[in-house]
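Work through the following exercises with the model open beside you, and try each task before reading its solution.

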Amino acid sequence: MTVQLWRHCRMATLRPDHPAPYGLVEDAALVVEAGRIAWAGPQGELPASLAARCTREHDAGGALITPGLIDCHTHLVYGGDRAQEFELRLHGASYEDVARAGGGIASTVKATRAASEDELQVQSLRRLQALLAEGVTTLEIKSGYGLALEHERKALRVARALGRSQPVDVRTTFLGAHAIPPEFAGRADDYVDEVLRMLPLLHAEGLVDAVDAFCERIAFSTAQTERVFEAADALGLPVKLHAEQLSDSGGAQLAARYGAISCDHLEWLSEEGAAAMATAGSVAVLLPGAFYFLRETKLPPVALLRQHGVPMAISTDCNPGSSPCTSLLLMLNMACTLFRLTPEEALAGVTRHAARALGLSDRGIIAAGLRADFVLWDVAHPAQLAYAMGANPRLQTVFEGESV
């Protein structure tokens with residue numbers, strides 16, 4: 001068995017128990033065996049017996065190593081685009097105006113339903129490759145643009161196929177309760193019945209890792225969302241929620257009652273919601289791309305989240321309507337400039353906390369026993385990853401111990 005040694009690097013381990021900012025280790029070394037990190041620490045402390053077992057050695061040339069990046073909230077699989085709606089909003093239409101006029105999510109549903117599985121695969125692969133080029137090694141992909149069994153199945157099958165064909169771990173989330181499709185117009189409760197019919201079938205096919213819903217005045221009420229959560233709970237599936245994006249609906253409190261792994265968006269989050277999330281251990285997933293693209297003015301309550309000790313993840317929210325973005329590095333910069341996160345908080349938000357937002361405990365930091373997913377960067381300090389807009393200093397990605 002190959003045992004690999006990486007020498008002459010600096011490591012931002014992101015370990016919360018490490019005394020240095022970023023969990024930074026100077027003049028570090030890292031040993032990989034069987035797709036896992038066997039040892040990581042100062043090069044001078046590498047056990048001689050372990051070094052002797054290494055069969056392949058890499059000179060990192062002083063590069064910075066971080067955990068592989070994790071994009072924990074995307075809608076990557078969809079058909080078409082919504083550039084025309086972007087133009088309409090610039091002429092004064094709001095996101096809600098567009099949605100109520102039959103645009104928004106409904107227009108993407110139409111395009112996604114019309115696309116074949118192969119067509120969706122080709123379109124989605126281009127977006128995925130852009131994320132991989134910036135060091136993403138784990139990715140969540142939601143359904144929610146099919147809104148009918150055959151089309152939700154199609155999207156989730158594409159997501160699974162992307163994970164099999166590319167060096168990335170794809171986690172799938174069923175978002176059938178994303179919007180009310182045209183054939184159920186005015187019959188939201190009937191459509192929730194349909195969502196509850198779809199969920200166990202898709203789960204039985206191995207296509208669902210988690211369940212999400214859009215709890216908002218233009219989508220589903222807390223009562224309707226709770227029906228979806230009850231069904232997920234009965235199947236043993238973790239839940240998450242699009243919550244408090246456009247108004248305070250109490251979605252965060254509802255999600256917390258069901259032990260949600262994350263609540264996402266959260267611009268209108270209340271103190272009661274933040275306290276409930278803290279008690280439940282839910283991660284706050286902040287989405288600066290959507291905030292920017294929709295020209296929102298209501299900032300998520302970062303100070304409140306800090307006060308209650310709620311971990312904050314960052315994601316692209318890659319989707320055609322509110323965040324057509326495939327750069328997680330750009331999200332680091334936006335999280336700092338728009339939301340005033342520190343660069344260290346932002347980097348933890350796409351590694352350690354993003355892993356937690358997906359319910360994953362085997363990645364997101366550099367430590368012995370965890371997955372050997374990490375990235376080598378041509379930067380002198382971790383803060384540079386959040387600093388330079390449009391820059392991509394990635395040198396190399398290692399996925400499950402193998403160089404990509």
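**Exercise 1. Determine how strand β12 is joined to β13, and place this pair in its sheet.**

Strand β12 (residues 283–286) is joined to β13 by three bridges, and the two run parallel; strands here are DSSP runs of E with at least two residues, helices are runs of H or I with at least four residues, and both are numbered from the N terminus. One of the pairs to look for is Val285, whose bridge partner in β13 is Ala313. This is a predicted model, in which local features need pLDDT of at least 70 and side-chain atom pairs count only at pLDDT 80 or more, while totals for chains, interfaces and linings use all residues. Residues are numbered from 1 along each chain as its sequence is written, and side-chain values use heavy atoms, with hydrogens and water left out.

Next, widen the view to the open sheet of eight strands, which has the order β6-β7-β8-β9-β10-β11-β12-β13 with parallel pairing; two strands pair if DSSP finds at least two bridges between them. At the edges stand β6 (69–71) and β13 (312–314), each with a single partner strand, so one side of each has no neighbour in the sheet. From one strand to the next, the twist averages 25°.

Finally, add helix α13 (residues 328–339), which packs on the sheet and touches β6, β7 (136–142), β12 and β13 (contact means heavy atoms within 4.5 Å), with a direction that makes about 80° with that of β6.

**Exercise 2. Decide whether His265 is buried or exposed, and list what it touches.**

Begin with its location, which is strand β11 (residues 262–265). His265 has 3% relative accessibility and therefore counts as buried, a class that means under 20% relative accessible area, with exposed being over 50% and partly exposed in between (1.4 Å probe, protein chains only). Leaving aside residues up to four places away in sequence, His265 touches His73, His242, Ala243, Gln245, Val285, Leu286, Leu287, Ala290, Pro300 and Asp317.

**Exercise 3. Trace the pairings of strand β5 with β1 and with β14.**

Take β1 (residues 3–12) before the other partner: two bridges join it to β5 (residues 64–67), and these strands run parallel. Within this pairing, Met11 has Ile65 of β5 as its bridge partner. Then turn to β14 (residues 374–377), which is joined to β5 by four bridges and runs antiparallel to it. Here the bridge partner of Leu64 is Trp377 in β14.

Conventions. Axes fitted to C-alpha atoms, helices over the stretch in contact; angles between N-to-C directions.
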